[in-house]
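Colleague: I have a new model open and would like to learn how to read it feature by feature. Could you walk me through it?

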Amino acid sequence: MSNAPPLRLSRAFADTAKGRIHYRYHFPGSAQGTLLMLHASPTSSWSMRTLGGALAETLNVVCPDTPGNGDSDALPMEQPRIEDFATSMLALLDTLGIESASAYGSHTGAHTAIELGIAAPDRIGKVILDGIALFEGEERQDMLSNYAPEVHPDLEGRHYLWAFLFMRDQNIFFPWFKRDKEHLRGTGIVAPEQLHAATVEVLKALTTYHKAYRAAFSHRVRERMPLLTSEALAICDAQDPLLEHTREAAALAPRARFLETPGYEDPEFLTRKVAAIREFVTG
């Protein structure tokens, strides 16, 4: 990886069989493969701009706003499953004329990437899973009930403050709605400029952002991971609250291995992650 800033990704819309999808992309002239990059909830492909820009030095990258996030249309069903999000990503590849790609997913995006690998192993070559949730029983129900509430605009504008606090507190607590010492992440708070930009992305999809979250929390990972026969890299940062979940999930897939990378406060955070993903995709 060079010392130059990550490439700036271009932006476009695609009218697919599953609705209009907004995406960021870059296709270098001498690419070593194509990587579909699926973001974490609750923002959009905006959160892939740095990692995607760095990987775009040698790979074709396509970073969509998943349906109901950012500037993409929401899926029409009231309670879409994570499989429905995977189907929408295959529709995007169809529209863009991409016959084969590897898939990277972060958190919610990782769950979608699992289903992409299961649904289309002949099309999705390799799968990178960056943070997998293994919530079960009461903990799963707690997340479904409290993590991603339905929010609607009101005349007092309370939804603006809610979105800001939602994004702020995710960086302080895990889960964010348990605001006490026991649930402190110990990672401080992001810069106000970053917090503002992330809040804007949530506000774009205020009334539908929760659908992807709930699909991911409902995803039966223990049942589905053994069906993932694609070569897979389960990767997770040292400061990610899903670190141990991801390590455990990796052991469930027949061709998956686990890699722990530095936390985002580490100076080697981006360099190490980019190197690991690039080596896996092109190796």
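Modeller: Gladly; we will go from the overall fold to single residues. Please keep in mind that this is a predicted model.

Colleague: Let's start with the whole chain. How many helices and strands does the protein have?

Modeller: The secondary structure comes to ten helices and eight strands. The radius of gyration is 18 Å, close to the 19 Å that the globule rule gives for 283 residues, so the protein is as compact as a globular protein of that length. Along the principal axes, the C-alpha trace spans about 50 × 40 × 40 Å.

Colleague: And what share of the residues counts as buried?

Modeller: Of the 283 residues, 53% count as buried. The accessible surface comes to about 12600 Å², and carbon and sulfur atoms hold 50% of that surface. Contacts add another view: among those between residues at least 6 apart in sequence, 74% join residues at least 24 apart.

Colleague: Now a single residue. Where does aspartate 65 sit, and which residues does aspartate 65 touch?

Modeller: Look in the loop between strand S4 (60-64) and helix H2 (82-96). Leaving aside neighbours within four places in sequence, aspartate 65 is in contact with Ile21, His22, Tyr23, Arg24, His39, Ser44, Ser45, Gly70, Asp71 and Ser72.

Colleague: Which side chain of opposite charge is nearest to aspartate 65?

Modeller: That is arginine 24, 4.2 Å away. The salt-bridge rule asks for a side-chain nitrogen of Lys or Arg within 4 Å of a carboxyl oxygen, so a cut-off matters here. Aspartate 65 is buried yet has no salt bridge. The side chain of aspartate 65 does reach the backbone nitrogen of aspartate 71, at 2.8 Å.

Colleague: How many salt bridges does that rule give in total?

Modeller: The count comes to 18. One of them pairs aspartate 15 with arginine 20, with the closest N and O atoms 2.7 Å apart. Arginine 20 is partly exposed, with a relative accessible area of 39%.

Colleague: What about a pair that links distant parts of the chain?

Modeller: Try arginine 214 and glutamate 150, whose side chains meet in a salt bridge at 3.7 Å, N to O. Arginine 214 belongs to helix H7 (residues 209-218), while glutamate 150 is in the loop between H4 and H5, and the two are 64 residues apart. Arginine 214 is partly exposed at 26% relative accessible area, and glutamate 150 counts as partly exposed at 43%.

Colleague: Is aspartate 169 buried or exposed, and which residue is its salt-bridge partner?

Modeller: Aspartate 169 counts as buried, at 1% relative accessibility. The partner is arginine 168, with the closest N and O atoms 2.8 Å apart. Arginine 168 is partly exposed, with a relative accessible area of 28%. Salt bridges can also share partners: Arg11, Asp71, Glu201 and Lys204 are joined that way into one network.

Colleague: Let's try a residue on the outside. Where is glutamate 156, and what does its side chain meet?

Modeller: Glutamate 156 lies in the loop between helix H4 (137-146) and helix H5 (158-170). At 59% relative accessibility, glutamate 156 counts as exposed, because the cut-off for exposed is over 50%. Its side chain makes a polar contact with the side chain of arginine 158, at 3.2 Å. For a sense of scale, the C-alpha atoms of glutamate 156 and proline 226 are separated by 49 Å, with these positions 70 residues apart along the chain.

Colleague: I like to check the backbone too. What should I expect of phi and of peptide bonds?

Modeller: Most residues other than glycine have a negative phi, and most peptide bonds are trans. Here, the bond from serine 41 to proline 42 is cis, with omega near 10 degrees. Proline 42 is placed in the loop between strand S3 (34-38) and helix H1 (49-55). The bond from phenylalanine 174 to proline 175 is also cis, with omega near -10 degrees, and proline 175 is in the loop between H5 and helix H6 (192-204).

Colleague: And what is phi of histidine 107?

Modeller: Phi of histidine 107 is near 55 degrees, a positive value in a residue other than glycine. Histidine 107 lies in the loop between strand S5 (101-106) and helix H3 (108-119), and counts as partly exposed at 26% relative accessibility.

Terms used. Residues are numbered from 1 along each chain as its sequence is written. This is a predicted model: local features need pLDDT of at least 70, side-chain atom pairs count only at pLDDT 80 or more; totals for chains, interfaces and linings use all residues. Side-chain values use heavy atoms; hydrogens and water are left out. Helices (H or I, at least four residues) and strands (E, at least two) are DSSP runs, numbered from the N terminus. Buried means under 20% relative accessible area, exposed over 50%, partly exposed in between (1.4 Å probe, protein chains only). Lys and Arg count as positive and Asp and Glu as negative; His and the chain ends are not counted. A polar contact is a pair of N or O atoms within 3.5 Å; within protein, one must be able to donate a hydrogen and the other to accept it, and residues adjacent in sequence count only if both atoms are side-chain atoms. Contact means heavy atoms within 4.5 Å. The radius of gyration is taken over C-alpha atoms; the globule rule is 2.2 Å times the number of residues to the power 0.38. Accessible areas come from the Shrake-Rupley method with a 1.4 Å probe; for residues, only the protein chains shown count as cover.
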